[in-house]
Amino acid sequence: MKKNIKLKGNLKNYMYWPLILTALLVLMNIPLYWVSKEAGAMASLFIVIYFIVVIFAYNFNKPALINELINFATQYGTVQKKLINELEIPYALLDYNGKILWVNEMFTEITGKDKRYHKSISTLFPVLTKEIVQQDEEFKNIDVTYEDRSFRASLRKIYFEEMMAESGIISMEETEQFLTALYLFDETELKYYIRENEEQKLVAGLVYIDNYEEALNSIEDVKRSLLVALIERKINKYFRQVDGLVRKLEKDKYFVVFKNKYLEQLKEDKFSLIEDVKTVKVGNEMAVTLSIGIGNTGVTYNQNYEYARMGIDLALGRGGDQVVLKEGEDISYYGGNSKQVEKNTRVKARVKAHALREIIDTRDRLLIMGHSISDVDSFGSAVGIFCAARVLGKKAQIVLNEITTSIRPLKESFSEENGYPVDLFVNSEQALEIVDQNTLLVVVDTNRPSYTECPGLLKRTKNIVVFDHHRQSAEAIESPILSYIEPYASSACEMIAEVLQYFTENIKLETHEADCIYAGILIDTNNFMTKTGVRTFEAAAYLRRCGAEVTRVRKLLREDMATYKTRAEVVRHADVYKGAFAISVFYAGSNVASPTVVGAQAANELLNIVGIKASFVLTEYGEKIYVSSRSIDEINVQLIMERLGGGGHLNMAGCQLQNCTIEQAKNIIRRTLDEMMKEGDIKL
């Protein structure tokens with residue numbers, strides 16, 4: 001490509017000075033004509049000769065001057081090339097396509113490739129592709145590795161146009177495409193020490209025995225110390241393998257610290273301690289289970305301990321027998337496949353009942369809120385709290401946006417004719433106008449803010465009480481003044497029935513109020529077939545004494561023919577996946593007022609089929625896809641739903657999917673099942 005070389009800058013001005021002086025001589029010549037025409041003519045002749053000589057000298061000396069400049073630049077470039085060639089930093093020059101044009105000695109020493117190696121840079125560093133080299137960024141750093149060393153590759157574009165523009169001597173009218181200068185900075189040792197520093201950080205952990213008292217009470221006195229010793233040995237042996245330090249805090253609580261470099265090993269092992277400790281048997285009928293909370297990535301060791309404490313609280317709130325790893329905002333769960341152990345003692349229920357009474361006494365009014373698309377359990381537990389507030393003479397209102405077919409028969413009995421306030425039920429807009437800082441907000445049957453009827457209420461008051469039987473997740477209501485979350489309870493109505501027994505002496509419930517609470521237990525236990533313990537029947541017996549009648553409740557829970565047929569169609573069209581999972585779809589286009597309730601009922605029905613270990617029913621409703629999942633005992637559907645952003649119980653859970661179609665949602669569930677089977681979280 002031909003290039004025209006021109007002088008520019010100071011050198012150009014210096015070469016033009018003789019020509020500029022010619023103009024000055026012309027100006028000086030004009031006055032001479034006034035003095036003497038002969039003198040003026042002779043001066044003019046001299047100026048013309050001077051101008052001709054200057055032009056001739058300029059054209060004659062310009063090539064020689066440029067050649068001298070080029071020779072100097074060449075010699076200067078040779079010096080620069082020598083300096084770059086002997087530079088301590090590996091350096092290479094790449095063309096537009098990433099092909100190596102030139103390398104210095106240090107680059108050759110690092111890679112073993114000399115100046116005759118003209119292949120693509122990606123043959124040495126695969127990450128430095130042609131597309132990377134051609135990107136528009138003028139300057140970028142990329143981490144690369146070569147053999148066992150780590151480098152920071154610094155790429156800088158070199159444009160001929162810019163290079164010539166910076167020159168104060170010559171310019172080039174036409175340019176070719178850019179070149180790329182590559183510098184390699186060896187960061188192997190730096191990264192080693194960074195990694196070593198991270199690995200040496202201490203991780204804090206708390207280990208609690210879930211059922212310490214229950215397990216000891218199930219064996220003879222002489223064997224109790226042996227059982228405790230074996231459990232401690234298991235815990236110490238497990239953490240000793242990772243150079244961990246275990247210290248006993250209380251009879252059933254341990255504090256653990258170990259290095260961060262072993263945490264990945266424990267993750268891969270999926271914290272097998274929680275399964276291993278169940279094998280300890282010295283005559284105890286009840287297997288011992290552990291809850292473990294681990295905190296990591298905190299700025300200080302105290303913060304790691306706080307993370308561990310939050311993790312153990314979350315593990316216990318989810319029913320125990322699991323590990324909760326909290327790393328900053330990220331929370332991971334391991335285990336949690338065991339059924340929750342029912343506590344026979346009612347001490348906790350009595351304490352919570354007295355605390356609730358004291359809180360209600362100091363507030364002006366109550367707002368009671370369940371989860372969105374309220375069901376019988378949510379409605380019944382809200383009615384129970386209303387009854388508690390009525391005993392203390394406090395005004396209480398229930399936040400209810402949508403009246404589903406399942407709760408409509410129950411709600412009809414709470415009319416003005418039956419002596420209830422006309423404003424007993426309010427919607428979200430009305431609740432937001434009512435609430436103030438002295439209002440007590442009671443949340444029942446959910447502990448996740450996004451699932452409540454009106455999440456905005458949680459931000460309007462700090463006086464919040466939570467009653468729920470679902471396992472806790474990372475999303476939780478912040479700083480409630482009273483929280484009663486028991487995953488082993490069959491339903492929120494069971495919990496409220498226990499609280500009412502200790503709330504005040506001889507509390508009076510109307511028959512239809514007792515029916516509502518009893519109906520909540522009946523629905524959530526599938527007619528006392530699932531998640532039913534001694535305390536469930538005791539709560540039902542209490543409600544029976546308060547006037548609840550099984551026949552009347554059964555009539556209230558009956559459904560119309562359209563709903564029954566729709567549920568049967570959902571069951572009929574179910575697909576069986578992997579021979580153990582029933583997946584079906586409920587299309588809400590039919591004449592059903594509460595499609596999500598029907599979907600949950602259909603999921604229960606699918607478990608009656610031989611060979612089905614878990615069922616999933618998808619319902620498209622309100623621009624979301626609601627997934628109801630159920631199991632009997634072998635599959636933990638809560639873990640499956642948590643993978644999809646939901647939660648629930650071991651054998652009853654759900655989630656909500658957005659921005660996807662029904663077919664995509666079914667594929668998501670199948671893919672999640674495949675992943676969990678591959679990882680060992682699901683065993684068929």
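**Group meeting: a surface patch, a helix and a sheet**

Okay, let's start on the outside: Trp17, Ile20, Leu21, Leu24, Leu27, Met28, Ile30, Tyr33, Trp34 and Val35 together make a nonpolar surface patch of about 1100 Å². Bear in mind that this is a predicted model.

Let's pick one of those residues, Trp34. Where does Trp34 lie? Trp34 sits in helix 1, which covers residues 9–35. And is Trp34 buried or exposed? Exposed: the relative accessible area of Trp34 is 73%, and we call a residue exposed when that value is over 50%.

Now on to helix 12, residues 347–361. Helix 12 has 15 residues and spans 21 Å from its first C-alpha to its last, close to the 21 Å you'd expect at 1.5 Å a residue. Which residues of helix 12 are buried? Those are Ala349, Lys352, Ala353, Leu356, Ile359 and Ile360, and yes, there's a lysine in that list. They take up an arc of only 130° around the axis, so they end up on the same side of helix 12.

Last stop, the sheet. We've got an open sheet of six strands, in the order 16-15-14-17-18-19, and the pairing is parallel. At the edges are strand 16 (425–426) and strand 19 (482–485). Each has a single partner strand, which means one side of each has no neighbour in the sheet.

Let me zoom in on one pair. Strand 14, residues 365–369, runs parallel to strand 15, residues 395–399, and five bridges join them. If you want to find the pairing on screen, go to Leu366: its bridge partner in strand 15 is Ala396.

Note on methods
Residues numbered from 1 in each chain as written. Predicted model: local features only at pLDDT ≥ 70, side-chain atom pairs only at ≥ 80, totals over all residues. Heavy atoms only, no water. Patch = residues over 30% accessible without salt bridge, like charges linked within 9 Å, V, L, I, M, F, W, Y side chains within 5 Å. Areas by Shrake-Rupley, 256 points an atom, 1.4 Å probe, with all protein chains shown as cover. Salt bridge = Lys/Arg side-chain N within 4 Å of Asp/Glu carboxyl O. Helix = DSSP H or I, 4+ residues; strand = E, 2+ residues; numbered from the N terminus. Buried < 20%, exposed > 50% of the residue type's maximum accessible area, 1.4 Å probe, protein only. Expected span 1.5 Å × (residues − 1). Arc of directions from axis to C-beta. Pairing = 2+ DSSP bridges.
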